Amino acid sequence: MKYHSTRGDGTSHGFAATLLAGLAPDGGLFVPERIEPLAASTRSDFVGADYATVARDIIARFAAPDIEPAAVAASVDRALSAFTHPAIAPHKQLDQDRWLLELFHGPTLAFKDYALQFVGELIEQQLKREGRHATVICATSGDTGAAAAAAFAGRENISVVVLHPAGRVSEVQRRQMTTLPHANVANFAIDGDFDDCQAMVKALFVDPEAAALNLTAVNSINWARITCQVAYYIWSSLRLGGGGPVNYIVPTGNFGNILAADVARRLGFPVGRLVLSSNDNDVLPRFFETGRMERRETRQTISPSMDIQVSSNFERALWFAAEGDTTAVTEWQRALTEDRAFDVDTETLGRLRERFSAVRCTEAEALEEMARTWRETGEMLCPHTATAAHAARTLDLEGPVVVAATAHPAKFPDASRKATGHEPPRPELLEAVMEAPERYRHHAADAGALRDLLLEETQA
Ligand SMILES: *Cc1c(COP(=O)(O)O)cnc(C)c1O
């Protein structure tokens, strides 16, 4: 498959280039040249297939011809060995029509493992083929940093550098990032907030003096991550739908997870209505109501991985809805950066509303949902998942409704205690994390100083 930019610099790129670069050279996001429904006979081959079969096939389609199917298959099998549930992404039935899709059986107990474990394998193999070294760098508000550190720890030809805002991630989240013993993992607690960390990463990417670090971005705009996530929507929709469409409600921040569901639907799989849920940072629900995207101040909530005002993958949804009008996409993104807002035309908004709906869930509603689900079903929900479960209860959707359970509740024990009076049982994986010594350094929110430090350590 060939890829080009949502902002239309006119060049096309292979999968390997999108894997290692993350962002297109013109600042846009990579999108496939086309996504068409698979032939019915191909799709029926997936019915009853296990997770590994679906993942191997679908990733190989997007990675061809750069990466051989056999190499993809080997990477998928190694990645899957890090997951603890035999079904990988099991369903749990809540009541007659509502289900959870548990996406927290990877090493860091959040859905990001379902992409980053695979991307870690793919990047390591690609760097070996190209005979070079790279530094994976990411800014995190919590879950991405842990998943990236776990995905790249101990790999050849790769160093990983994670920046987190000092004092603004949960203790579990911090420990997951800082207790890995591997020499190729570095973690910095930055004096600032998540936006400061993100700004440092962006500054390093355009800094010519940082070129020797060979920086690679694995934030959620990396197309390969979306590809890996398509697998669980295909697998889930075929398991639950019995041929009919399955509706999904997805707790959303950067719009990567729900976009993967839309890709599964574009490939012809039985994905029905797609509903995104947000917390009090309701920039997307407001957009779907009015057609105006307007950034406001980010509010700190009990669901920190959704505390976002700029939903970076939404650029891809806009590109699809504007039918590939790269001039319009470029202008909207410019306005969002410079004027903090943009408005779309009614046709584009109409096409987006045909594919997605958006609902907000207040903090009080999320806590109430956590309490009620626990009372009625015995299930603890993480505070992100609760926003979607709330929507599943209140919306009137036809057919099965699946709530994407994006993190294990034990990552957020304070929220569970507040909602239910109890802490969720801690999976064995976390016991070790809570005991192990931590390793991280404090650093000022100064990209130049960090670059000098990293260069010095690379040369040493
Ligand atoms: C990252 C994350 C989200 C948001 O996912 P996006 O793909 O950014 O929309 C939701 N819930 C949890 C637990 C997360 O870690």
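In this predicted model, the charged end of Arg266 sits over the ring of Phe320, 3.9 Å from the ring centre. The neighbouring arginine in the numbering, Arg265, has a similar placement: its charged end sits over the ring of Phe356, 5.9 Å from the centre. Phe356 also belongs to a cluster of rings. The other members of that cluster, linked by ring pairs, are Phe255, Phe287, Phe288, Phe314, Trp332 and Phe342.

Two members of the cluster, Phe314 and Trp332, lead to a pair of helices. Helix α12 covers residues 314-321 and helix α13 covers residues 326-338. Two packed helices are described by the angle between their axes and the distance between the axes. For α12 and α13, the angle is about 145 degrees and the axes are 9 Å apart. The crossing of α12 past α13 is right-handed. On the α12 side, the contact is made by Glu315, Leu318 and Trp319. On the α13 side, Thr326, Val329, Trp332 and Gln333 take part. By type, the residues of this contact divide into four nonpolar, two polar and one charged. Trp332 thus appears both in the ring cluster and in the helix contact.

How many aromatic pairs does a search of the whole structure find? The search finds 18. One of these pairs is formed by Tyr3 and Trp223, with 6.1 Å from centre to centre and 50 degrees between the planes, and it is tilted. Tyr3 lies in strand β1, residues 3-5, while Trp223 lies in helix α9, residues 223-241, so the pair ties together parts that are 220 residues apart in sequence. Both Tyr3 and Trp223 are buried.

Helix α9 comes up again around helix α6, where α9 is among the elements that cover the buried residues. Helix α6 runs from 143 to 152 and is mostly covered, with nine of its 10 residues buried. The buried residues are Asp143, Thr144, Gly145, Ala146, Ala147, Ala148, Ala149, Ala151 and Phe152. Besides α9, what covers them includes the helices α5 (113-130) and α7 (171-178). The strands β5 (134-139), β6 and β7 (185-190) are also included.

After α6 comes Gly154, whose phi is positive, near 80 degrees. Further along, Asn157 is in the loop between α6 and β6, a strand that spans 158-165. The phi of Asn157 is near 65 degrees, a positive value in a residue other than glycine. Is Asn157 buried or partly exposed? Asn157 counts as partly exposed because its relative accessibility is 27%.

Another residue with a positive phi is Ile88, at near 70 degrees, and this residue too is not a glycine. Ile88 lies in the loop between α4 and β3, the latter spanning 91-93. Ile88 counts as buried because its relative accessibility is 9%. The loop between α4 and β3 also holds Ser81. With a relative accessible area of 61%, Ser81 is exposed. Ser81 and Cys361 are 280 residues apart in sequence, and their C-alpha atoms are 35 Å apart in space.

Helix α4 itself covers 69-80, and the loop before it, which follows α3 (51-63), contains Pro65. What kind of peptide bond joins Ala64 and Pro65? The bond is cis, with omega at about -5 degrees. Within α4 lies Ala71, which counts as partly exposed at 23% relative accessibility. Ala71 and Leu122 are 51 residues apart in sequence, yet their C-alpha atoms are 8.5 Å apart in space.

The last stop is Arg451, in helix α19, residues 447-459. Arg451 is a charged residue, and it counts as buried because its relative accessibility is 12%, under the 20% cut-off. Which residues does Arg451 touch, not counting residues up to four places away in sequence? Arg451 touches Leu204, Asp207, Glu209 and Ala210. Among these, Asp207 and Glu209 are charged residues as well.

How values were computed: Residues are numbered from 1 along each chain as its sequence is written. This is a predicted model: local features need pLDDT of at least 70, side-chain atom pairs count only at pLDDT 80 or more; totals for chains, interfaces and linings use all residues. Side-chain values use heavy atoms; hydrogens and water are left out. Helices (H or I, at least four residues) and strands (E, at least two) are DSSP runs, numbered from the N terminus. Buried means under 20% relative accessible area, exposed over 50%, partly exposed in between (1.4 Å probe, protein chains only). Rings of Phe, Tyr and Trp (its six-membered ring) pair if their centres lie within 6.5 Å; planes under 30 degrees apart count as stacked, over 60 as edge-to-face and the rest as tilted. A charge sits over a ring if NZ of Lys or CZ of Arg is within 6 Å of the ring centre and within 35 degrees of the ring normal. Axes are lines fitted to C-alpha atoms, for helices over the stretch in contact, and angles run from 0 to 180 degrees between N-to-C directions. A crossing is left-handed if the near helix is turned anticlockwise from the far one by less than a right angle, and right-handed if clockwise. Contact means heavy atoms within 4.5 Å.
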